[in-house]
Structure formats: structure tokens, C-alpha cells
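Reader: I'd like to take a close look at a single part of this model before I think about the whole. Please pick a spot and walk me through it, residue by residue.

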Amino acid sequence: MPSVFVQGRPVDSYPPLAPEARRGKVRRITEVGEEVLHKPCRDVTEFGPDLAALIDDMFLTMYIADGAGLAANQAGVDLRLFVYDCPDDEGVRHVGHTVNPVLEALDPAGRRLLDAGEGCLSVPGAVMDVPRPDRAVVRGLDKEGRPLVVEGTGYFARCLAHETDHVNGHVYLDRLSKRERKDALRQVADRRDEVLARRAANIEALSA
């Protein structure tokens, strides 16, 4: 089994950070409560240098925040797009981007729900158990407009479902009970400053 998949395809080797990040600029990450996170995003209809530059920015922003995935609306842009650099439960690394993603509906008979801790860069500092299927298939396009299919299991399946939720205008808090949501927001209140300070330190280290 290859140890890295890029855009859903196996590769022999890959650098620690996606090359896109070297071209990117850090963007502010939006937080729960901001309108752009709570409405469905617009389809991407223009493929070109502006889209490629946004993807570069999103990769760098994701790495600065120590994230495994980032949707465009988390970077303040109302478009159906996400990037990821995420391991699965077997330790295989998955790197890529997906434009206009659609999460395939799986046959309930063939799927298993896993309860596991889930965080979000837009809910800084909170981690809550969220049930997600153990497998995910996302169909979309790459930045050139070519059709793309990405499949994931375990933690990477969770990432694909989480990021597709984002472009549909949902954060993982929407999947929690009222009591659990309060608990998550309490965690944010306690830990947000520490998380943002760590991101600021990463930015400073990058520019040093």
C-alpha cells in the first residue's frame, strides 16, 4: 500500500508540506457565528489563476493552524472548495483539494458509524465526539475543472465529511445536542486565546 495519495492517486514520495503552501499567503480563519460559515457556499464556476491562488492560500493557512483540512468559507470565501492533508487510520497520508464537492450517500447496510473526537479550526480549542460513517466518497473537480473522486476511511473519511459539511453551510456543532454544543463553546472560551497564540507563533516562525 502506498504511503501517500495526492488527489486520490498514489505517489512514490511527497514533501512534508504541499508545494502549494510555498506560494500561499496566510488568511484569517473565520469562527463559528460568522455568517459565511452558516450558509451554503456558491459553486465554483471560474477556473484559473484566482482559484489556484486561493488554493495556495488555503494550504498555507491550514498548515499554520495545524489543521487537517480547510474549507474556503473558513478563509472567508463563499465558494464550494476545500483542501486537506490528512492521515487515515492506517497511517496513509492523503493530500489534495476538491472543488464543488458532493458527498456520496452510502448504503446504510454497508456503513458503520464511528464516534470519535472531532475539532474544527473555526471552533478553536473545542473537541467533541461526533458520529460519522467510517467510509466517505466525495465527487468533485480539481482546480483545472477535471472530474475527481476521492475515497477515505477512518479519520480521513471524517475529514472529507467534515469539510463537505462546511461548504454546505454546517459546522460540526450543528450535529451536537444543545448541552454538547454548550460544552464545546465553553471549551472555546477557555482555550481560544491559547490556540490563536500558537497560530501567531507559527506565522512568526514562518517569516523568520
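Author: Happy to! Helices (H or I, at least four residues) and strands (E, at least two) are DSSP runs, numbered from the N terminus. With that in hand, we can place N73, which lies in the loop between strand 3 (69-71) and strand 4. The model is a predicted one, where local features need pLDDT of at least 70, side-chain atom pairs count only at pLDDT 80 or more, and totals for chains, interfaces and linings use all residues. Residues are numbered from 1 along each chain as its sequence is written, and side-chain values use heavy atoms, with hydrogens and water left out.

Let's stay with N73 for a moment. Its relative accessibility is 0%, so N73 counts as buried (under 20% relative accessible area, against over 50% for exposed and partly exposed in between, with a 1.4 Å probe and protein chains only). What surrounds N73? Setting aside neighbours within four places in sequence, N73 is in contact (heavy atoms within 4.5 Å) with T30, V36, L37, C41 and H166.

From that loop we can step into strand 4, which covers residues 81-87, and look for aromatic rings. Rings of Phe, Tyr and Trp (its six-membered ring) pair if their centres lie within 6.5 Å; planes under 30 degrees apart count as stacked, over 60 as edge-to-face and the rest as tilted. A search of the whole structure turns up three aromatic pairs. In one of them, the ring centres of F82 and Y84 are 6.2 Å apart and their planes meet at 55°, so this pair is tilted. F82 has a relative accessible area of 0%, so F82 is buried. Y84 counts as buried too, because its relative accessibility is 1%. Y84 also pairs with F156, again in a tilted arrangement, with 5.2 Å from centre to centre and 50° between the planes. Since Y84 belongs to strand 4 and F156 to helix 3 (residues 154-167), this pair ties together parts that are 72 residues apart in sequence. F156 is buried, as is Y84. Put together, F82, Y84 and F156 make one aromatic cluster.

Helix 3 has another residue to look at: Y155 is placed there. Y155 is partly exposed, because its relative accessible area is 39%. Apart from residues up to four places away in sequence, Y155 touches A68, C86, P87 and D89. For P87, the C-alpha atom is 6.9 Å from that of Y155, although 68 residues separate the two in sequence.

Now back to L37, one of the residues in contact with N73. L37 is also among the residues that E31 touches, along with S122, P124, R192 and L196, when residues up to four places away in sequence are not counted. E31 sits in the loop between helix 1 (20-23) and helix 2 (49-64). With a relative accessibility of 14%, E31 counts as buried. How far is E31 from R93? The two are 62 residues apart in sequence, and their C-alpha atoms are 27 Å apart in space.

Two backbone details are worth a glance while you have the model open. Q7, in the loop between strand 1 (4-6) and strand 2 (9-11), has a phi near 55°, which is positive in a residue other than glycine. Its relative accessible area is 13%, so Q7 is buried. N100, in strand 5 (residues 93-103), likewise has a positive phi, near 50°, and is not a glycine. N100 counts as buried because its relative accessibility is 15%.

Finally, let's step back to the whole chain. There are four helices and nine strands, and from the N terminus on they run β-β-α-α-β-β-β-β-β-β-β-α-α. The C-alpha trace spans about 50 × 45 × 35 Å along its principal axes. Of the 208 residues in the chain, 49% are buried. Among the contacts with a separation of 6 or more, 67% join residues 24 or more positions apart. The pair of Y84 and F156 is a good place to return to, with its partners 72 residues apart in sequence.
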